[in-house]
Amino acid sequence: MSGPLKGKIALVAGATRGAGRGVAVELGAAGATVYVTGRSTREQRSEIDRPETIEETAELVTAAGGEGIAVRVDHLEADQVKALVERIDAEQGRLDVLVNDIWGGESLFSWDQKLWEHSLDTGLRILRLAIDTHIITSHHALPLLIRNPGGLVVEMTDGTAQYNADNYRISFFYDLAKTSVNRMAFAQAKELAPHGGTAVSVTPGWMRSELMLDAYRVTEANWRDALAIQPHFAISETPAYVGRAVAALAADPEVARWNGKSLSSGGLAQVYGFTDVDGSRPDAWRYMVEVQDAGRPADVTGYR
């Protein structure tokens with residue numbers, strides 16, 4: 001292994017697909033050893049019932065130049081998370097990067113039901129998956145992470161703190177879940193700083209995850225065919241883009257300058273100079289405000 005993260009140990013919690021997989025692979029491409037966790041394995045799928053597995057993610061990490069290690073973990077089960085961290089400690093003796101990307105609520109939230117109309121049990125399940133999992137994971141992982149100064153925690157969410165403060169995000173439970181993650185990064189930043197650690201929240205833009213591509217019935221190869229259905233999809237980005245954002249943060253010796261901040265893939269691309277796989281730099285959240293939310297026709301000129 002070689003690269004700016006050679007010798008660094010990362011845990012990407014929730015790395016089966018989407019942003020988690022993109023982050024894990026790009027950390028591997030930078031030379032890191034990456035523990036990838038999730039509930040979907042080749043032997044057993046989670047209730048999401050998707051084909052992607054943590055073993056596939058680990059293999060992609062290794063193929064990219066790092067070392068991928070798949071561990072099945074339900075991050076709602078504290079004993080499983082505790083055992084995971086103990087394993088990392090026993091095998092590596094350190095943890096340099098923690099990425100909390102656990103979600104799993106894709107099929108649970110409603111687009112149009114009000115709080116009083118939404119299933120309460122399902123809504124509370126969303127919050128457990130989106131919030132409790134992150135808290136449980138950080139609770140067990142941070143003592144290992146702060147053993148050495150320079151540790152980085154990345155809380156993955158949907159939307160910057162500013163955008164989420166100004167905009168209602170789909171429905172009550174989704175809104176609460178995604179805004180809470182930004183605040184968790186802020187709170188951890190305050191507690192990590194005295195130990196030489198950094199915590200940030202990072203959001204991708206409109207990401208072409210496996211689920212999103214399936215929803216539009218396209219593939220990564222022909223994703224532009226979806227513009228006939230949704231022209232604003234032109235601003236979309238691959239999971240690798242946010243992965244490169246996290247890898248750039250992890251390799252930055254001055255990453256503490258971002259402590260407590262809410263960051264985006266597009267914003268960080270302007271600072272660190274990385275691109276998406278097609279060589280472009282989509283700036284989705286600026287586009288959302290200035291074009292899509294403003295009711296203007298789809299036009300990505302100057303935004304990617």
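# A walk from α9 back through the helices

Start by selecting Gly273: this residue comes right after α9 and has a positive phi, near 85°. Helices here are DSSP runs of H or I with at least four residues, strands are runs of E with at least two, and both are numbered from the N terminus.

Before you click further: this is a predicted model, in which local features need pLDDT of at least 70 and side-chain atom pairs count only at pLDDT 80 or more, while totals for chains, interfaces and linings use all residues. Residues are numbered from 1 along each chain as its sequence is written, and side-chain values use heavy atoms, with hydrogens and water left out.

**Stop 1: α9**

Now step back into helix α9, residues 265-272, and colour Ser265, Gly266, Leu268 and Ala269, its buried residues. (Buried means under 20% relative accessible area, exposed means over 50%, and partly exposed is in between, with a 1.4 Å probe and protein chains only.) Turn the view so that you look down the axis of α9: the buried residues fall within an arc of 160°, so they line one face of the helix. That arc is taken over the directions from the helix axis to the C-beta atoms. As a reminder, an α-helix has 3.6 residues a turn, so residues three or four places apart point the same way.

What lies over those buried residues? Show β6 (198-203), α8 and β7 (262-264), which are included in the cover. Contact, here and below, means heavy atoms within 4.5 Å.

While you're in α9, pick Gly267, which also lies in this helix. Gly267 counts as partly exposed, at 29% relative accessibility. Draw a C-alpha to C-alpha distance from Gly267 to Ser280 and you get 13 Å, for a sequence separation of 13 residues.

**Stop 2: α8 and α1**

Keep α8 (residues 239-251) on screen and add α1 (residues 18-29): the two pack at an angle of about 50°, with axes 7 Å apart. Axes are lines fitted to C-alpha atoms, for helices over the stretch in contact, and angles run from 0 to 180 degrees between N-to-C directions. α1 and α8 are therefore oblique to each other; angles under 35 degrees count as roughly parallel, over 145 as roughly antiparallel, 65 to 115 as roughly perpendicular, and the rest as oblique.

The crossing of α1 and α8 is right-handed, meaning the near helix is turned clockwise from the far one by less than a right angle, whereas anticlockwise would be left-handed.

For the side chains, show Gly18, Ala19, Gly22, Val23, Glu26 and Leu27 on the α1 side; they meet Pro239, Ala240, Val242, Gly243, Arg244, Val246, Ala247 and Ala250 of α8. This contact is made up of nine nonpolar, three polar and two charged residues. The classes are: Ala, Val, Leu, Ile, Met, Phe, Trp, Tyr, Cys and Pro nonpolar; Asp, Glu, Lys and Arg charged; the others, Gly among them, polar.

A quick detour: select Arg217 in the loop between α7 (210-215) and α8. Arg217 is not a glycine, yet its phi is positive, near 60°. Arg217 is exposed, at 78% relative accessible area.

**Stop 3: α4 and its partners**

Next, bring up α4 (residues 120-145) with α6 (residues 172-192): their axes come within 10 Å and cross at roughly 15°. That makes α4 roughly parallel to α6, and the crossing is right-handed. Which kinds of residue make up the contact of α4 with α6? There are 15 nonpolar, five polar and no charged residues.

Now swap α6 for α3 (residues 78-92), whose axis comes within 9 Å of that of α4 and crosses at roughly 20°. α3 and α4 are therefore roughly parallel to each other, again with a right-handed crossing. From α3, show Ala78, Val81, Lys82, Val85, Ile88 and Asp89; they meet Ile136, Thr137, His140, Ala141 and Leu144 in α4. This contact divides into seven nonpolar, two polar and two charged residues.

**Stop 4: the loop before α6**

Finish in the loop between α5 (161-166) and α6, where you'll find Asn167. Asn167 counts as partly exposed, at 24% relative accessibility. Beyond its neighbours within four places in sequence, Asn167 is in contact with Asp175 and Asp293. Its C-alpha is 9.9 Å from that of Val289, 122 residues away along the chain.

In the loop between α5 and α6, click on Ile170 too. Ile170 has a positive phi of about 75° although it is not a glycine, and at 23% relative accessibility it counts as partly exposed.
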